[in-house]
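Biologist: I'm new to this one. Take me in for a close look at its salt bridges, please, and then at the packing of its core.

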Amino acid sequence: MENFKAPFKDIANDVRGRAACYKQDWIGGLRSGLGILAPTTYIFFASALPVIAFGEQLSRDTDGSLSTVETLASTALCGIIHSVFGGQPLLILGVAEPTVIMYTYLYNFAKGRKELGQELFLAWAGWFTRIAGELFGMLITVLFIQEAIKGVVSEFAIPEAQDPKLEKYQFQWLYTNGLLGIIFTFGLLYTALKSRRARSWWYGTGWFRSLIADYGVPLMVVLWTALSFSVPSKFPSGVPRRLFSPLPWESVSLEHWTVIKDFTFSTSVASQMAQQKEFNLKKPSAYHYDILLLGFMTLLCGLIGLPPSNGVLPQAPMHTKSLAVLKGQLIRRKMVESAKESIKQKASNCEIYGKMQDVFIEIDSSPETTVVKELEDLKKVVMKGENKGENEKERFDPEKHIDAYLPVRVNEQRVSNLLQSLLVAASVCAMPAIKLIPTSVLWGYFAYMAIDSLPGNQFWERMLLLFITPGRRYKVLQGVHASFLESVPYRYIVMFTLFQFIYLLLCFGVTWIPIAGILFPLPFFLLISIRQHILPKLIQPNYLWELDAAEYEEITGALARLSLSLSFKERETPCSGNEADGVEMLDTELLDEVTTSRGELKVRTVSFSEDRKGQVYPEDVQKEGDDR
């Protein structure tokens, strides 16, 4: 009732909260110096490549009515506005797959009607809210795979509205183009997946592995684009087929900048993922104000004929994660220097910890009471050395223990978001270079986005569990596994997973209905009521809560060698080897250990309860009960 009396109260609170730290948002970014360029370029490539791919998909599905120019321009414009005027600068905006789906349906509906036509289809874009979750994420994954398959098949066909008499569309050259398309698609997919996991390589230095892991995907796009020019000179122009998009200064492109429309998405999920509590953000959120600003940006995009941008996954949490690495490196370096200097001066352990705490407070600008609580585990390790009989291996080691017990800190600022948006804007002018990318490379990128999103999706992991025979399920508990495997009976896991799978098929089926497919968000609205009123009657509420928990909670198995919690605390005895032994572990590797591909921070604990093993392998428990 209070919201009706003061309808803009929450928005006003958001504005006041963010206004108080607006100046610091800019100062914090500028003080980072050149170090801010690393997360900037990282998130730029993570944002630009999907937008280019979606632009090619839109161009093909709307017969060129929209193209990569419009998707890049929308992402850049909305990104710049949000980085300057938005509430939460960690949120990354961009054109996403739901936009492509919606506009494709609207175009197909309007182009066959003379009173509308393809020039005016943009004016009929409506309102729809995206309630993202693992089911929605899996649907997007399926749609990505579908688009990749359709794209590869299209390499063997003549595009619509093209002259079939052209040399490049003769059978032998179409066949050649298709085979090259398969090579480039799977080549990009394989090399991108390998480079994404470069941090776990045995070869190369830490900075080199991090470089490949962070920028390997765009490097692979450049590599396979370069290889596409190595075909014999006898090949006709257009083999292999390349991205088609009008240049931003051409008249064909300028036609789209005059249509009025209204279209908006909810950015709640992306914003929540970027502001997970485990990131320990110190500045207030601004959910209500950001949605209001998004409405204005959607209207602005409509007025100039651009597809709207919204909060995107996994780019938003990836941005926060990259800034956590930046801030963590700075704090760690200062604290290690302080500790080593104190050790050289033969200071007591109490003095060593006191100076490290002072350094942390100075850099982090957090209240002392908060810091004392967060550094409590580090203090215990430091103070262990006060005991004369303490084992030498357990004595405080700055390099080892500061890494393990340092809390997550994020450099909350606006500079990186603004810079990456400006780089996206510059990409619009780089369209002559972007048009050199073979379309088959983009189909490989679609497949990469789909496959790379699967790890960390518990729906996918539960589906794989269904194919594991009962005699082998105990092996799941020997590795890192989801917490519900130790607390939820197997039959309820099967029931919940089958429900999600059937519902996924329903949602995917809706997208195939010609014009009614525009209603594909409706099943996700209905899912709210099903989850609240129907599922609790089929699955016990406590089990349902475990299966549908908001956090990604993991438990390390009996054979796990390393466990990292969100404060980087080692909860189990570390394996032999540390910094002194030459083992190299970078901040980025530590964060990769506790982050899913979707950007979720894993809540990881150590627990291998013998009395719960029957949840996955019930036969042993039954036999033990009979023996007794």
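Modeller: Let's start with the term itself: a salt bridge is a side-chain nitrogen of Lys or Arg within 4 Å of a carboxyl oxygen of Asp or Glu. You're looking at a predicted model, where local features need pLDDT of at least 70 and side-chain atom pairs 80 or more, while totals for chains, interfaces and linings use all residues. Numbering runs from 1 along each chain as its sequence is written, and side-chain values use heavy atoms, leaving out hydrogens and water.

The structure has 6 salt bridges. Take Glu147 and Arg60: their side chains come together with N and O 2.0 Å apart. Glu147 sits in helix H7 and Arg60 in helix H4 (helices are DSSP runs of H or I, at least four residues, numbered from the N terminus), so this pair ties together parts that lie 87 residues apart in sequence. Glu147 has a relative accessibility of just 3%, so it counts as buried (under 20% relative accessible area; exposed is over 50%, partly exposed in between, with a 1.4 Å probe and protein chains only). Its partner Arg60, at 27%, is partly exposed.

Now hop over to Arg197 and Asp452, whose closest N and O atoms are 3.6 Å apart in another salt bridge. Here, too, distant parts of the chain are linked: Arg197 belongs to the loop between helix H8 (171-196) and helix H9 (206-227), Asp452 belongs to helix H20, and 255 residues separate the two. Arg197 is partly exposed at 37% relative accessible area, whereas Asp452, at 10%, is buried.

Some of these bridges share partners, joining Arg18, Asp25, Lys283 and Arg414 into one network. Zoom in on Asp25 and Arg18 and you'll find their side chains paired at 3.1 Å, N to O. Both of those residues are buried.

So much for the charged pairs; on to the core. The largest nonpolar core (buried Ala, Val, Leu, Ile, Met, Phe, Trp, Tyr and Cys residues joined through side-chain atoms within 4.5 Å) holds 78 residues, and Leu72, Leu188, Tyr445, Phe446 and Tyr448 touch the most other members. Set aside neighbours within four places in sequence, and Leu72 is in contact (heavy atoms within 4.5 Å) with Val51, Ile52, Val424, Ser427, Val428, Met431 and Ile434. Apart from this core lies another, of 17 residues, including Val336, Ile352, Phe360 and Val381.
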